[in-house]
Amino acid sequence: NQVPTQTGPDSTWQVAENRFPSTSNLGLYETTVCASGAKVSYPKQRTGAPARQGKVASARCGGGKHVLAGGALLGGPERSQRLVASAPFDSRDRGKRPDDGWRVAVDNFDTRRLGVTVVAICASVRGLSYVRRSYRAPKRARKHVTVPCPAGESIIGGGVRHAIRYGRAALVASAYPGPDPTRWVTEIDNLSRKPAKARSFAICHR
């Protein structure tokens, strides 16, 4: 789960704990991308994920602003919900770029309806580019994808989405891999019996 801890220009990112079986120690890290001089807003959309179903929810940027990053905060006890997709989206406006807000997909494994809050981080910033890479996530396998920024541009965010059915995306990761500031890395574990369409994004700035 990635969300700004407060609605202000000095917000940080919070990375929630994710547990899964492993025979070795796991290295965890957090990276915060900061900027100054930008008028940033944090639109939120609060909704609920139905019991034992998937839920797609979005937070839209307004006022001519473009999305820089985003994420979601999931309610309920540990392992009751899983964030399985988190990426920018295009509302099919004139620009035809995924810069209009942030969209997430959540799998709710609980027997109750649980809360979901989507957050988009938006600003009026020039020089943004949105790089997309489409591919197929193979069945019963992990797909690792790196999306590079154009030459001379640096990464400020990224995301991943897919068409894997409910309950069959075991691990979805979206991360900035320091120390290289020019690419975004995503991973998908597709446990289903069929390949699935997927797309990874890098949000870059020159």
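Begin by selecting strand 4 (residues 44–49) together with strand 9 (114–123), which run antiparallel and are joined by six bridges; strands here are DSSP runs of type E with at least two residues, numbered from the N terminus, while helices are runs of H or I with at least four residues. Two strands are said to pair if DSSP finds at least two bridges between them. Within this pairing, select K44, whose bridge partner in strand 9 is V119. The model in the viewer is a predicted one, in which local features need pLDDT of at least 70 and side-chain atom pairs count only at pLDDT 80 or more, while totals for chains, interfaces and linings use all residues. Residues are numbered from 1 along each chain as its sequence is written, and side-chain values use heavy atoms, with hydrogens and water left out.

**The whole chain**

Now show the whole protein chain, whose secondary structure comes to zero helices and 15 strands. Of its 206 residues, 41% count as buried, a word that stands for under 20% relative accessible area, whereas exposed stands for over 50% and partly exposed for what lies in between, with a 1.4 Å probe and protein chains only. The accessible surface of the chain is about 11700 Å², and carbon and sulfur atoms hold 48% of that surface; such areas come from the Shrake-Rupley method with a 1.4 Å probe, and for residues only the protein chains shown count as cover. Among the contacts in the chain with a separation of 6 or more, 74% are between residues 24 or more positions apart, a contact being a pair of heavy atoms within 4.5 Å.

**Around strand 9**

Return to strand 9 and colour its residues by burial: nine of its ten residues are buried, and the strand is mostly covered. Next add strand 3 (residues 40–41), which is joined to strand 9 by two bridges and runs antiparallel to it; here V40 has A123 of strand 9 as its bridge partner. Then add strand 6 (residues 66–74), which pairs with strand 9 in the antiparallel sense over eight bridges, and find L73, which stands opposite T117 in strand 9.

**H66 in strand 6**

Stay with strand 6 and select H66, which has its place in this strand. Which side chain is joined to that of H66 by a polar contact of 2.9 Å? The partner is D99; a polar contact is a pair of N or O atoms within 3.5 Å, where within protein one must be able to donate a hydrogen and the other to accept it, and residues adjacent in sequence count only if both atoms are side-chain atoms. Leaving aside neighbours within four places in sequence, H66 is in contact with several residues, including C61, R97, I121 and Y130. From C-alpha to C-alpha, H66 and G101 are 7.2 Å apart in space, although they are 35 residues apart in sequence.

**Strands 7 and 8**

Select strand 7 (residues 81–89), which is mostly covered, with seven of its nine residues buried. Eight bridges join strand 7 to strand 8, and the two run antiparallel; to see one place along this pairing, pick S86, which stands opposite V104 in strand 8.

**The aromatic pair**

The structure holds one aromatic pair. Select F109 and Y166, whose ring centres are 5.6 Å apart and whose planes stand at 35°, so the pair is tilted; rings of Phe, Tyr and Trp (its six-membered ring) pair if their centres lie within 6.5 Å, and planes under 30 degrees apart count as stacked, over 60 as edge-to-face and the rest as tilted. The pair links distant parts of the chain, with F109 in the loop between strand 8 and strand 9, Y166 in the loop between strand 12 and strand 13, and their positions 57 residues apart. F109 is partly exposed at 30% relative accessibility, and Y166 is partly exposed with a relative accessible area of 33%.

**The open sheet and N190**

Finally, select strands 11, 14 and 13, which in that order form an open sheet with antiparallel pairing. Strand 11 (141–148) and strand 13 (169–175) stand at the edges with a single partner strand each, so one side of each has no neighbour in the sheet. Strand 11 pairs with strand 14 over eight bridges, and P148 stands opposite R183 in strand 14. End at N190, which lies in strand 14 (residues 183–190). Is N190 buried or exposed? At 0% relative accessibility, N190 counts as buried, and its side chain reaches the backbone oxygen of P138 at 3.3 Å.
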